[in-house]
Each structure stands twice: as C-alpha cells, then as structure tokens.
Amino acid sequence: MSTATLATVRAGRHACFDRIVFDVTSTPTAYSARYVPDVYRAGAGHLVPLRGGAKLELMLGVRAFDDAGHWAFQPPNQDELANVAGYRTLRQISYAGDTEGAAWVGIGLRARLPFRVFTLDGPGSGSRVVVDIAHRW
C-alpha cells in the first residue's frame, strides 16, 4: 500500500491539449485511466454525473488518510475539483471517492479523444500524476 496521499488537483490549458495535474505527497503505487460509459462512486456504486460526451475514469494508488489518521484529501467541492469553464476539451473533474488504497476521479470530456497519463517528480519529495487530453484527433 502506498504512503502517498492526494494533496491538490489543478487544471491547465495548452495549445494542443488540456491538462490535469494531481499533486501527490509521495509516489503513488499505481495509476490507471480508461474510458467508461459511466463513472460510479467507489464502494457505493452510485452514479457520478459528469458533463460532456465522454467519461474518463482515473484511479490513483494513494491513501485516503494521512499518518495521523485524518482525511488526507478534502476538496471544497467534490463535483468540481478544478474550474475548467471555457476549456476546449475538459468539462468537469469530479472526485468519485476512495476505497482500499485508491482514489477515484471521474473526468467529463467534450468527446472521446486521445489521452496520456504519466508521472513527474516534485515538488520536493512529492510527485505529480499528469493527464493530458488532446483537443482533437
């Protein structure tokens, strides 16, 4: 199980793609992303409503609690982790919960477009999981 926890979520716009950055306190044990018909709340099975014509489900291998036993990630609004108003591809980033050492995120997109997921070191001893979604094919 990872010692990493999710710290923040940010979004950015680039010439050819929209980017989401998940700041993690250490190195996540794993991550995965895939297109799905719908995203469901982890452990509960409730539908996570997402805006857009396509839905991307992201799993991050991070803990829900820090070393002191407190919730590590408490966004002010689970349905809008970052403001993506006016973005070309991104429509919504929503926290879908956590279960058994993993955090789940639903990403609403304009359409089913090419994407890539990778990690970067830093800042400090942390790392970042980056999701880039193309503006077009």
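**Salt bridges and a hairpin**

Hi everyone, let's start with a pair of side chains: Arg51 and Glu80 meet in a salt bridge, with 3.0 Å from N to O. This pair links distant parts of the chain, 29 residues apart. Arg51 sits in the loop between strand 5 (47-48) and strand 6, while Glu80 is in the loop between strand 6 and strand 7 (90-99). Before I go on, please keep in mind that this is a predicted model.

How exposed are these two partners? Arg51 is partly exposed, at 41% relative accessible area, and Glu80 is partly exposed too, at 30%.

As a bit of background, side chains of opposite charge can pair when their charged atoms come close. So how many salt bridges does the count come to here? The count is 6, and I'd like to show you a couple more of them.

Next up is Glu57, whose side chain meets that of Arg34 in a salt bridge at 3.1 Å, N to O. Which parts does this pair tie together? Glu57 belongs to strand 6 (residues 54-60) and Arg34 to strand 3 (residues 31-36), so the contact joins parts that are 23 residues apart in sequence. And is Glu57 buried or exposed? Its relative accessibility is 12%, and buried means under 20%, so Glu57 counts as buried.

Now please find Asp132. It forms a salt bridge with Arg116, and the closest N and O atoms are 2.9 Å apart. Here Asp132 lies in strand 10 (residues 127-134) and Arg116 in strand 9 (residues 115-121), so this pair ties together parts 16 residues apart in sequence. The two ends of this bridge are worth a look as well: Asp132 is buried, with a relative accessible area of 4%, whereas Arg116 is partly exposed at 46%. There is also a third member to bring in. Arg19, Arg116 and Asp132 are joined into one network by salt bridges that share partners.

Arg19 takes us back towards the start of the chain, so let me finish with the strands there. Strand 1 (residues 6-13) pairs with strand 2 (residues 17-24) in the antiparallel sense, over 7 bridges. How many residues lie between these two strands? There are 3, and the two strands form a hairpin. If you want one pair to click on, try Arg10: its bridge partner in strand 2 is Val21.

That's my tour, and thanks for listening!

Notes: Residues numbered from 1 in each chain as written. Predicted model: local features only at pLDDT ≥ 70, side-chain atom pairs only at ≥ 80, totals over all residues. Heavy atoms only, no water. Pairing = 2+ DSSP bridges. Helix = DSSP H or I, 4+ residues; strand = E, 2+ residues; numbered from the N terminus. Salt bridge = Lys/Arg side-chain N within 4 Å of Asp/Glu carboxyl O. Buried < 20%, exposed > 50% of the residue type's maximum accessible area, 1.4 Å probe, protein only.
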